[in-house]
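I opened the notebook to record what I looked up in this structure, taking backbone, core, pockets and overall composition in turn.

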Amino acid sequence: MAPRAIWKGSIKVAELVCPVAMYTAASQSERIAFHTINRATGHRVHRQYVDERTDKPVEAADQVKGYETGNGQYVVLDPKEVAAAIPESDKTLNVEAFIGCSDVDELYFDRPYFLAPSDPVAREAYVLLREGMREKGAAAIAHAVLFRRLRPVLIRPHDSGMIATTLNFDYEVRSAEAAFKDIPEIKIEGEMLELAKHIIDTKAGRFDPKTFDDRYETALAELVRAKLEGRKIAPKPKPVETKSSSLLDALRQSAGQGVAPKPTSKARKAASTARRKAG
């Protein structure tokens, strides 16, 4: 079955306008889905919106958006008012600038979408834009209203088409300073650093998403099968944290060197005797 476009509009670069359609590039629909069940009855539980004061259910037609101004007071926005406030650019990916493909920090990446020409007549303009960006190693920064929000979008050539990746706004990306503030300055050098680099070299590879297994989904599927068959699954052991005192030994073992056993007192005495005789 042909994919269904989730958005249709146009890419606009100066006076060049190219009608395009947007398709979902990443989906979670294949993941195992669970329902919430009443433990006592085994019946499925449905979510319902209720009035916080009357405790009465509120039908979907009576639910509206509200912005809290304080003390339980709200500015109520009707769906028609929200729709009227959306600018006409909701159908235009208006290109504001061309940048290097690697200029955007991946922290800002949100979701990817396939972008294809929506009209046979648009194919030539589409290919022209794609090849121009490919030749220049460039990506386009555009803005459009998507799913009722103004969003920045990064457009890049991809195979025979283009990828449109929605981006997070600057205020949505948190500073790393708070997360990293407790990491001390530690100087790593000598054998430990060399072993670490060696391990990285021996593990060198290429990115291939086909080799990635969703072990969580596999484990869930196995758990469901086991429950249906009346079997029990033993919990997997948790990995043991590497202590600072054994870090070098762990690196040596990872590098395939092993750890030299500590000599016994008898072996130390024999070695001492041998050194005296040699002297």
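**Loops with unusual phi**

I began with Asp159, which sits in the loop between E8 and E9. The model is a predicted one, and I read its backbone angles with that in mind. For Asp159 I noted a phi near 50°, a positive value in a residue that is not glycine. Most residues other than glycine have a negative phi. I then looked up how far Asp159 is covered, and found it exposed, with a relative accessible area of 62%.

A second entry of this kind is Asp55, again not a glycine, whose positive phi is about 65°. I placed Asp55 in the loop between E2 and E3, and its relative accessible area of 57% puts it among exposed residues, the cut-off for which is over 50%.

**Core**

Which residues have the most contacts inside the largest nonpolar core? I listed Ile11, Val20, Met22, Leu93, Leu115, Ile155 and Met162, in a core of 23 residues. The elements that give two or more residues to this core are the strands E1 (7–13), E2 (16–24), E5 (92–100), E6 (109–117), E7 (138–146), E8 (149–158) and E9 (161–167), together with helix H2 (123–136). I also noted a second, separate core of five residues, with Val104, Ile141, Leu154 and Leu167 among them.

I followed Leu93 further, leaving aside its neighbours within four places in sequence, and found that its contacts include Trp7, Ile11, Val20, Met22, Leu115, Val153 and Ile155, as well as Ser10, Lys12 and His143.

**Pockets**

The largest pocket has a volume of about 450 Å³, and of its 13 lining residues I marked Val50, Val58, Asp62, Gln63 and Val64 as lying nearest the centre. Strands E3 (65–70) and E4 (73–77) each supply at least two residues of this lining, which by class holds six nonpolar, two polar and five charged residues.

For the second largest pocket I wrote down about 230 Å³ of space, lined by Ala219, Glu222, Leu223, Ile233, Ala234, Pro235 and Lys236; that lining divides into five nonpolar and two charged residues, with no polar ones.

**Whole chain**

I closed with the totals: the chain has seven helices and nine strands, and 18% of its 279 residues count as buried. Of the contacts between residues at least 6 apart in sequence, 60% join residues at least 24 apart. The accessible surface comes to about 23000 Å², of which 54% belongs to carbon and sulfur atoms.

Technical notes. Residues are numbered from 1 along each chain as its sequence is written. This is a predicted model: local features need pLDDT of at least 70, side-chain atom pairs count only at pLDDT 80 or more; totals for chains, interfaces and linings use all residues. Side-chain values use heavy atoms; hydrogens and water are left out. A nonpolar core is a set of buried Ala, Val, Leu, Ile, Met, Phe, Trp, Tyr and Cys residues joined through side-chain atoms within 4.5 Å. Buried means under 20% relative accessible area, exposed over 50%, partly exposed in between (1.4 Å probe, protein chains only). Helices (H or I, at least four residues) and strands (E, at least two) are DSSP runs, numbered from the N terminus. Contact means heavy atoms within 4.5 Å. On a 1 Å grid over the protein atoms alone, a cavity is a set of points where a 1.4 Å probe fits but cannot get out, and a pocket is an open set with protein on both sides within 12 Å along at least five of seven lines; lining residues have an atom within 4 Å of a point. Grid points are joined across faces, edges and corners, and a volume is the space filled by probe spheres set on the points. Ala, Val, Leu, Ile, Met, Phe, Trp, Tyr, Cys and Pro count as nonpolar, Asp, Glu, Lys and Arg as charged, and the others, Gly among them, as polar. Accessible areas come from the Shrake-Rupley method with a 1.4 Å probe; for residues, only the protein chains shown count as cover.
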